[in-house]
Amino acid sequence: MRYYVIYTLLFLSAVNTAFAQKDQQAKAILSEVSRKYKTYDVIKTNFVYTLESPQANVKETQSGTLIAKSKTNKFKVTLYTTGKTPAVAQELISNGKEQWTYLKKDNEVQLNNVTNGDETLNPAHIFTIYEKGFKYVYSGEEKKGGVNCQVIDMTPTDAKKSIFKVRLFVDKAKKQIYSALIFDKNGNKYSYTMQTFNSNFKTGDEVFAFDVKLHPGVEVVDLR
């Protein structure tokens with residue numbers, strides 16, 4: 001019995017050491033992704049967003065565009081309708097203090113203050129998501145969409161979060177996030193896959209605010 005305990009302790013020690021090494025490897029990879037991202041001023045990326053809900057038997061895919069100012073919390077996420085002639089379906093815009101959610105179908109925009117407690121994930125947060133509120137572990141390499149990726153699994157430190165895991169696929173050569181797969185406790189999965197990445201996009205700050213004048217008749221719902 002005594003030897004069994006000793007062997008068990010040795011095994012657990014080895015496992016903990018392995019995980020510690022993997023954690024350091026994951027941290028090194030993510031730190032490099034974050035460091036590189038923060039050297040850019042404004043980035044623009046086109047992505048594909050997929051929602052899978054087994055309970056509702058739903059699988060939906062949309063294309064989208066992200067414009068983000070890497071050194072601030074300013075961003076604009078645009079999701080498009082599906083079909084031969086995609087049009088804007090929804091926009092999420094933040095100037096770092098206020099956030100607008102525009103629903104074109106309803107011709108409505110909701111205005112909120114940006115809060116640190118907001119756990120909504122969108123492509124603008126993916127590049128630096130690991131920095132706060134997550135544990136992470138390196139899970140090996142995998143080829144995804146023809147790209148050699150380093151895989152990192154992340155879990156929230158707060159068990160009350162609706163999201164229980166985020167799996168990041170990092171382009172090994174470019175040191176950029178290639179794809180993110182998000183799992184929630186309801187069984188839903190959300191994925192973002194980057195298709196293009198422009199690290200030198202030129203735009204003014206006006207893109208990071210919702211302009212009512214450009215949307216005649218839009219209903220503004222102020223939730224601040």
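These legends go with several close-up views of a predicted model.

**Figure 1. The whole chain, from end to end, has 2 helices and 12 strands.** Follow the sequence along and you get the pattern α-β-β-β-β-β-β-α-β-β-β-β-β-β. The chain has 224 residues, and 38% of them are buried. Its exposed surface comes to about 13,300 Å², with carbon and sulfur atoms supplying 52% of that. Take the contacts between residues at least 6 apart in sequence: 48% of these join residues at least 24 apart.

**Figure 2. Here is the largest nonpolar core, a set of 34 residues.** Six members touch the most others: F47, L66, I152, M154, V166 and L168. Helix α1 (residues 2–38) gives the largest share of this core, 5 residues. There is also a second, separate core of 7 residues, and I93, W100, Y102 and L111 are among them. As a bit of background, nonpolar side chains in soluble globular proteins tend to be buried together.

**Figure 3. Y102 and F210 make one of the aromatic pairs in this model.** The search of the whole structure turns up 5 such pairs. In this one the ring centres of Y102 and F210 are 5.2 Å apart and the planes sit at 45 degrees, which makes the pair tilted. Y102 belongs to strand β5 (residues 98–103), while F210 is in the loop between β11 (189–198) and β12 (219–222), so the two rings tie together parts that are 108 residues apart in sequence. Both residues are buried, and Y102 also shows up in the second core of the previous figure.

**Figure 4. F164 and F183 pair up between strands β9 and β10.** Their ring centres are 6.0 Å apart with the planes at 45 degrees, so this pair is tilted. F164 comes from β9 (residues 163–171) and F183 from β10 (residues 176–184), so the pair ties together parts 19 residues apart in sequence. Is each ring buried or partly exposed? F164 has 40% relative accessibility and counts as partly exposed, whereas F183, at 14%, counts as buried. F183 has a charged partner too: the charged end of K165 sits over its ring, 4.8 Å from the centre.

**Figure 5. More aromatic rings: a cluster, and a lysine over a phenylalanine.** F47, Y49 and Y192 form one aromatic cluster. F47 will look familiar from the largest nonpolar core. Elsewhere, K144 places its charged end over the ring of F169, 4.7 Å from the ring centre.

**Figure 6. K69, K74 and D205 are linked in a network of salt bridges.** The search of the whole structure finds 8 salt bridges. Between D205 and K69, the closest N and O atoms are 3.1 Å apart. D205 lies in the loop between β11 and β12 and K69 in strand β2 (residues 58–69), so their salt bridge ties together parts 136 residues apart in sequence. With 39% relative accessibility, D205 counts as partly exposed.

**Figure 7. Two further salt bridges are E91 with K76 and D222 with R224.** E91 and K76 meet at 3.6 Å, N to O. They link distant parts of the chain, with E91 in strand β4 (residues 88–95) and K76 in strand β3 (residues 74–80), 15 residues apart. How buried are these two charged partners? E91 has a relative accessible area of 9% and is buried; K76, with 18%, is buried as well. In the other bridge, D222 and R224 come to 2.6 Å, N to O. D222 is partly exposed, with a relative accessible area of 42%.

Terms used
Residues are numbered from 1 along each chain as its sequence is written. This is a predicted model: local features need pLDDT of at least 70, side-chain atom pairs count only at pLDDT 80 or more; totals for chains, interfaces and linings use all residues. Side-chain values use heavy atoms; hydrogens and water are left out. Rings of Phe, Tyr and Trp (its six-membered ring) pair if their centres lie within 6.5 Å; planes under 30 degrees apart count as stacked, over 60 as edge-to-face and the rest as tilted. Helices (H or I, at least four residues) and strands (E, at least two) are DSSP runs, numbered from the N terminus. Buried means under 20% relative accessible area, exposed over 50%, partly exposed in between (1.4 Å probe, protein chains only). A charge sits over a ring if NZ of Lys or CZ of Arg is within 6 Å of the ring centre and within 35 degrees of the ring normal. Contact means heavy atoms within 4.5 Å. Accessible areas come from the Shrake-Rupley method with a 1.4 Å probe; for residues, only the protein chains shown count as cover. A nonpolar core is a set of buried Ala, Val, Leu, Ile, Met, Phe, Trp, Tyr and Cys residues joined through side-chain atoms within 4.5 Å. A salt bridge is a side-chain nitrogen of Lys or Arg within 4 Å of a carboxyl oxygen of Asp or Glu.
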